[in-house]
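Take a moment with the sequence and the model before reading on. The paragraphs below go from the whole chain to single residues.

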Amino acid sequence: MLDVSALLRASFPSLSSDLLEYATSFITDLSPDEPEYNATIKDFIVPFLEGESIAVEDSVIDNLCAELSKLNIPKGIDESPGISVEIIPQTIKNQQDSAHEHLEPTPEPEHSPAPEKKSTAKSKNPRTKAAKISKSQQQSESSFLNEPEIIVTTQVSRYYSETFDADTIELDLPGVSITINGKDLLAEARLRLKTGYKYGLIGRNGVGKSTLLRAIGEKSMIGFPKNIKTLYVEQEAIGDENTNVIQSVLDSDHERIRVLRESDALEKAMKESNAHISKIYRKLLAQRAEDERYRAWEIAEKRSGARGWDARKVLLEKEKLAVAAAKYAEEEVSMEVADEEAEKANLLLNELYEKLTLIKAESTEAKVIEILNGLGFSKEKQTGPTSALSGGWRMRLSLARALFLKPDLLCLDEPTNHLDLPSVVWFQDYLKNHCDGQTVLIVSHDRAFMNEVIEEVILFQDMKLTYHSGNYDDFERNREERSLAKQKQQETLDRKMKHVEKSIENAMKSAVKSGDDKKLNQVSSRKKAIEKGRYGPTHFDDGKRFKQSYLAGYHDQFGLAIEQVKMEEEVNFKFPEPEPLRYLGPVLQVEGVSFKYKKSDPEFVLSNVTLNIERDCRIGIVGANGAGKSTLVNLILGELTPTVGTVTKHANLITGLYSQHDTNLLPTDISALAHMQSLFPGVKEQELRGILGSLGLKGKLATNPIITLSGGQKTRVSFAKTVFKSPNLLVLDEPTNHLDIESIKGLVRALETFSGGVIVVSHDVRFLKDTCKVFYVVEKGRVKRWEASVEDYAKSLAKQKMV
């Protein structure tokens, strides 16, 4: 770093010390072996110097790049000497978690009072503090997140710093705006989350719910209190052959691991001499300094502009402290210092013991097992390696870690997608009864789950957030009532205006006839009152009386306008009608079927199954994952051959399968239309466009690459494949996972008018209730008809969990 600093000082003598240190740090982080190394430095240094009004000559820049490329620049200080890995394992590896976790207050740069009221998460003009960040660096940071450029802004007080310690974990941020690649998703919205409340964030697919959830979980908003511990569960946990499921959950609590590690190291040291205790104590401090440096690096990597400049200054300070602590840990210790530090180590050990008592370290494994049991993990899965888990089970593992960590603010994005119905019932009970004091923000399509859990709905619509008390059904009912009330209010106003206009017309005729100027003036005044809107409502919805002074700025209209409640547009699915089967009996019969995958298997997966499937059936199949639901579906479709028994079907029966995994298997580099053409060669383009259009994929949506489509739109592509051949029997495996609530309503309407048979495998109680008439439970190798409603089945599961 000294060589880099010397070269910069020689090339630009007028560069200030602070900016010299910043530029040195940036260039040191680059490697001369990287492609376009010289171009990257030019892209950085030129706007950097111009921002400081320093003259820039191409020859000087070229010479600097040439000299820098000759240097053997070390990559950061990650290999600082003196930190014993054997005694105190590095925590950096432990912090590579699948979820975006911020469970410890992270070091943040202290700011002076901001001169502007508007602050941004990514500044486009960072010259207010220091140098501009190069385009190549911004692209690098964007690739670090593997996401499009997202800009989050908040309207903060001029006295706010980057962040602060609040005296509460309640969140209240005004003027929140979000743009993604220049497109506005949220504009001047108020983000308000009360302590301990369970919120449901709803809105159409593509409005930005997941983006907002991530911004909250990553605390990427200026003014976000740093004392609030947040966690955003986004992706599946990473598999590891050497870590079992229980240990993976335990390892997610980095604070607990640190306390156990440090207390264990000090306990062992206490049996040795004071000199040895002092050495271990210093290494503990060095490790803590290294952890602080790592967290500062994480923040600096994700920020640019003025905020990036401030974060890098903090990182430089943390680097200095980490190097100094590592160096101090290797110094020789005098007897006097050793005795003093041994006493400090003893005090630190007592503090660690107190923390272990507070976090109840002895009972944590029992707590983890309780959570894993609730989420459906068998004993074999709990003690097996995480690398053996499928994607769905790794998502459950991420969810288990989130519940175990108990952050102040838990952000869950479609948490029930990979759960079966028994696990959903347990999960909703856990959120209701075991998350006291936690704020939970949920995005979910599952109405029954939302109704059980949430206490308030946040509607994300028209780039605004509006708050509504109650669960989802309460919200929908209140919205319909408010819509009807507004319509009635408008009708009343319209009748009133007609009466007023009629009276004005009569008064005008009378005034003209009599030549009364006074009456003419009165008529003119009443006309102006109508034009200005003075006959509108006199009170706001909350009962407060309206005053013109409440409306800021200039207005052509006076009075309060009636704003109609905006209802969501209906989403329509239309399935092609199948050819009628002129047969009154069952179109498919499963008779005495038992099945095992290998003849050597000791037990059957399914035993003695008998089903009669009618041509217009509406059958719901429920049960735990692994109970045999997929096996039953494959037997019905003819994908598997029964070991015992028979499956017979009508000669003209056509079946169509939609699987929850279909969406993930779609090609991303071609359009939906091209994909359909590859599946059904020889079919006219007009016919393929017709089936895509009937499912809402019209115009450019049919010809844009599939990668640009939302999850709900990709689901429609999969539905198009399923129904193209006009099947008589639809088999739907978790069809609601990627749809929003309005799209699910549209799917329900389409199935209501579909004349063929429908079999649904789902964990969504509301969808099952709305689409199915008969229910079968797959459990312990048996398929039994459930004689009551699917809600009663869910209640029975809840009772079983309580026993």
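Two residues are in contact here when heavy atoms of theirs lie within 4.5 Å. With that in hand, look at helix α21, residues 685–694. Its buried residues are Leu688, Ile691, Leu692 and Gly693. These buried residues pack against three helices: α20 (672–679), α22 (700–703) and α23 (711–723). After α21 comes glycine 696. Its phi is positive, near 90°.

Now step back to the whole chain. The model is predicted. The chain has 803 residues, and buried residues make up 48% of them. It holds 26 helices and 20 strands. The accessible surface comes to about 40300 Å². Carbon and sulfur atoms account for 49% of that surface. Consider next the contacts between residues at least 6 apart in sequence. Of these, 74% join residues at least 24 apart.

How do two helices meet? Two packed helices are described by the angle between their axes and the distance between the axes. Take helix α17 (residues 472–514) and helix α24 (residues 741–753). They pack at an angle of about 80°, and their axes are 14 Å apart. Angles of 65 to 115 degrees count as roughly perpendicular, so α17 is roughly perpendicular to α24. On the α17 side, the contact is made by Tyr472, Glu476 and Arg479. On the α24 side, Ile741, Glu742 and Lys745 make it. By class, this contact has 4 charged residues, 2 nonpolar ones and no polar ones.

Just before α24 in the chain is a loop that starts after β17 (729–733), and glutamate 734 is found in this loop. Its phi is near 50°, a positive value in a residue other than glycine. Is glutamate 734 buried or exposed? With a relative accessible area of 8%, glutamate 734 is buried. Lysine 219 also has a positive phi, about 55°, although it is not a glycine. It is found in the loop between α6 (209–217) and β7 (230–233). At 12% relative accessibility, lysine 219 counts as buried, because the cut-off for buried is under 20%.

Turn to the aromatic rings. A search of the whole structure finds 13 aromatic pairs. One of them joins phenylalanine 573 and phenylalanine 719. The ring centres are 6.0 Å apart, with 70° between the planes, and the pair is edge-to-face. What does this pair tie together? Phenylalanine 573 lies in the loop between α18 (517–531) and β12 (588–595), and phenylalanine 719 lies in helix α23, so the pair ties together parts that are 146 residues apart in sequence. Both phenylalanines, 573 and 719, are buried.

Another pair is made by tryptophan 786 and tyrosine 793. Their ring centres are 5.3 Å apart and their planes are at 70°, so this pair is edge-to-face. Planes over 60 degrees apart count as edge-to-face. Tryptophan 786 is partly exposed, with a relative accessible area of 27%. Tyrosine 793 is buried, at 8%.

Ring pairs also build a cluster. It links Phe573, Phe575, Tyr658, Phe719 and Phe754. Tyr658 leads on to another residue, threonine 663, since Tyr658 is among its contacts. Threonine 663 sits in the loop between β16 (655–658) and α20. At 7% relative accessibility, threonine 663 counts as buried. Which residues does threonine 663 contact, leaving aside its neighbours within four places in sequence? They are Tyr658, Gly711, Lys714, Thr715, Ser718 and His738.

Finish in another helix. Valine 424 lies in helix α15, residues 421–433. Valine 424 is buried, with a relative accessible area of 2%. Leaving aside neighbours within four places in sequence, valine 424 is in contact with Thr416, Leu419, Asp446, Phe449 and His763. How far apart in space are valine 424 and alanine 794? Their C-alpha atoms are 9.2 Å apart, while in sequence the two residues are 370 residues apart.

Technical notes. Residues are numbered from 1 along each chain as its sequence is written. This is a predicted model: local features need pLDDT of at least 70, side-chain atom pairs count only at pLDDT 80 or more; totals for chains, interfaces and linings use all residues. Side-chain values use heavy atoms; hydrogens and water are left out. Axes are lines fitted to C-alpha atoms, for helices over the stretch in contact, and angles run from 0 to 180 degrees between N-to-C directions. Helices (H or I, at least four residues) and strands (E, at least two) are DSSP runs, numbered from the N terminus. Angles under 35 degrees count as roughly parallel, over 145 as roughly antiparallel, 65 to 115 as roughly perpendicular and the rest as oblique. Ala, Val, Leu, Ile, Met, Phe, Trp, Tyr, Cys and Pro count as nonpolar, Asp, Glu, Lys and Arg as charged, and the others, Gly among them, as polar. Buried means under 20% relative accessible area, exposed over 50%, partly exposed in between (1.4 Å probe, protein chains only). Accessible areas come from the Shrake-Rupley method with a 1.4 Å probe; for residues, only the protein chains shown count as cover. Rings of Phe, Tyr and Trp (its six-membered ring) pair if their centres lie within 6.5 Å; planes under 30 degrees apart count as stacked, over 60 as edge-to-face and the rest as tilted.
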